[in-house]
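Visitor: I am new to this structure and would like a close look at a single part of it. Please choose one place where charged side chains meet, and then show me how that place fits into the rest.

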Amino acid sequence: MYRPLGALALLALSTSALAQTAPQTAPAPAPQAAPAMASNAAELNAKLAAPLPADQAAMKAHVLFLASDAMKGREAGSPEFDIAAQYVAAQFYAAGLRPGGDQGGYLQKVPLVSYKAASKGDFVWTGRGAAQPLVFGEDYVPAANGAKAETSVSAPVVFVGYGIDAPQYGQDDYKGVDVRGKIVAYFGGSPARFGGEERAFFGSGGTKAAIAQAKGAVGVITLESPRSAKVRTFAKLADSYATPRMTWANPDGTGRVDAPGAPSLGTVSMVGAAKLFAGAKTPWSRIVKHADSDNAKFKSMPLLGTLTVATKTGFVPAASSNVVGVIPGSDPVVGKEVVVLSAHLDHIGITKPVKGDALNNGALDNAIGIASLIEEAKRFTASGQAPKRTIMFLAVTGEEKGLVGSDYFTNHPTVPLTSIVADVNLDMPILTYKFEDMVVFGAERSTIGPIVQKAVATIGVGLSPDPMPEEGIFVRSDHFRFVQKGIPAVFLWPGQKGPGKAAVAYFMANNYHKPSDDLTQPILWDQGVRFVDANYRIAREIADGAQRPVWNAGDYFGTLYKGPMAPTGTGN
């Protein structure tokens, strides 16, 4: 799963919509919530070999393979991921799904490209006096431009606060300034008064760059603030300036980025910003003081000078695959409509060792989501009742790289994009406790909400509201790539009633994106079967429903991305 970010960490987002990560510091619950770990290999092997009912054993078998050490963490672009993709394709075939990928097969090839800063770059500020070179690591850190090998921009700079245009919150940081042909400078994050999901959306670097590009800017820079410095010091940012990133590749070998016309040029420190703001109408000392507030308000203004930036980016091509299986719809009218059920297959591979272990198996994130997807497919074919709408089972690559595989699919769909009516996403269900409710991120935004509520009630659980609204999780997993195409989508999780809160907190603090996310965790396979059952009922309701899902009247994301909308006066 893409890392959920706390309020402070949102401020650290800079150059990409969905590709930055930050440490998770969820508090651990009382010691009794910790899983019992196997003391030695023999004990672990005995635990793994314990007999289970057939439906539970089937789920566990998928996870045993996908989260094994042999898969080396299933990193996108690795040979081990390719093996995992072939495994899922074989399971789709065994489940009776038709191929839905390229050239009559189950795989959709996804061209990838890894890119990173190839030099420290040059930043020169020409203010009221002579040209003043800025100092790498002290004044600035360059950003890699996934769209170009060499980036050269020289333009006046305009300060635009948070760089947000959100009329629903009365926020227009571009009011009163003309940024056409200019570089815009802004702080990361977004005001605390924004709702959690929209706060995360507007706080992302990709959203900010896209807004800047639409306003006519030719480049963007992110300003360090006291709050972002608490999350990540400028020195640490400088140390990691050449860390590779990944996206899907264009035919010319460059990468897909959110705003190629207004690339992120880099981050400027508070020390460097003081030089850019010399002589400005509002002094930097006053601006930086306000920037330490949750709901800072800024007056946008031009700065008195020109910034000249030259950077270089290096590219390394790679490749991966999405896995696509289909159950054709039986209805002569709505059978051409497609309901997508998605889950990501990749994990984070090999990282720095934790207690001597560097291999991130990704059992709950997201081998168990893929296992759920496979078992859900088997339920459909075993039911003997074909769905009225076509159902597509989609295992995507590159989620951990910034929702790359799902972004590629929604830009290169293997069925007409207009035929896709909904996406239901499975990502990192934490199944170490008996869940008493379910959380469905985005349920309140579309007519999928009542469908989900009806479906989960049949297994004896209810829907609970988002227990972590400050994290903005709705915009942070693969379903959001469908949302960006106007398609109603939701993301399912077991809820946090009863033992759920402590179990989720423990996982996030101790196992999330760590080598300990493996089969030593006390996974309850009967809860996995319940989770599959709930997902199957939800998908069945959507597939067989009289009406296709639509966004609730006036929903922000439905409106922004021009999706099908319920009439005014209707909706949840």
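Guide: Let's start with Arg-256, which is partly exposed, with a relative accessible area of 24%. Please keep in mind that this is a predicted model. The side chain of Arg-256 meets that of Asp-407 in a salt bridge, with 3.2 Å from N to O. Asp-407 belongs to helix H12 (residues 404–411), while Arg-256 sits in the loop between strand S11 (245–248) and strand S12 (264–268), so the pair ties together parts that are 151 residues apart in sequence. The cut-off for buried is under 20% relative accessible area, so Asp-407, at 4%, counts as buried. As a general point, side chains of opposite charge can pair when their charged atoms come close.

How many salt bridges does the structure hold? The count is 18. Another of them joins the side chains of Glu-197 and Arg-445, at 2.7 Å from N to O. Here Glu-197 comes from helix H5 (residues 196–203) and Arg-445 from the loop between strand S19 (437–441) and helix H13 (448–457), so this pair ties together parts that are 248 residues apart in sequence. Both Glu-197 and Arg-445 are buried. These two residues also take part in a network of salt bridges, in which Glu-197, Glu-198, Glu-444, Arg-445 and Asp-555 are linked.

For a pair within one helix, turn to helix H11 (residues 363–383), which holds both Lys-378 and Glu-375. Lys-378 and Glu-375 are three residues apart, about one turn of the helix, and their side chains meet in a salt bridge of 2.9 Å, N to O. Is each partner buried or partly exposed? Lys-378 is partly exposed at 31% relative accessible area, whereas Glu-375, at 10%, counts as buried.

Now let's leave the charged pairs for a strand. In strand S17 (residues 390–396), seven of the seven residues are buried, so this strand is largely enclosed by the rest of the structure. In a regular strand the side chains alternate between the two faces of the sheet. Both faces of S17 are covered: one side carries the buried residues Thr-390, Met-392, Leu-394 and Val-396, and the other carries Ile-391, Phe-393 and Ala-395, which are buried too.

Which strands pair with S17? Strand S13 (residues 301–327) pairs with S17 in the antiparallel sense over five bridges, and Val-326 has Met-392 of S17 as its bridge partner. Strand S14 (residues 338–344) runs parallel to S17 and is joined to it by seven bridges. There, Val-339 has Ile-391 of S17 as its bridge partner.

Finally, step back to the whole protein. Its secondary structure comes to 17 helices and 21 strands. The radius of gyration is 24 Å, close to the 25 Å that the globule rule gives for 572 residues, so the protein is as compact as a globular protein of that length. Along its principal axes, the C-alpha trace spans about 75 × 60 × 45 Å. Of the 572 residues, 58% count as buried. Among contacts with a separation of 6 or more, 82% are between residues 24 or more positions apart. The accessible surface comes to about 21,700 Å², and 56% of that belongs to carbon and sulfur atoms.

Terms used. Residues are numbered from 1 along each chain as its sequence is written. This is a predicted model: local features need pLDDT of at least 70, side-chain atom pairs count only at pLDDT 80 or more; totals for chains, interfaces and linings use all residues. Side-chain values use heavy atoms; hydrogens and water are left out. A salt bridge is a side-chain nitrogen of Lys or Arg within 4 Å of a carboxyl oxygen of Asp or Glu. Helices (H or I, at least four residues) and strands (E, at least two) are DSSP runs, numbered from the N terminus. Buried means under 20% relative accessible area, exposed over 50%, partly exposed in between (1.4 Å probe, protein chains only). Two strands pair if DSSP finds at least two bridges between them. The radius of gyration is taken over C-alpha atoms; the globule rule is 2.2 Å times the number of residues to the power 0.38. Contact means heavy atoms within 4.5 Å. Accessible areas come from the Shrake-Rupley method with a 1.4 Å probe; for residues, only the protein chains shown count as cover.
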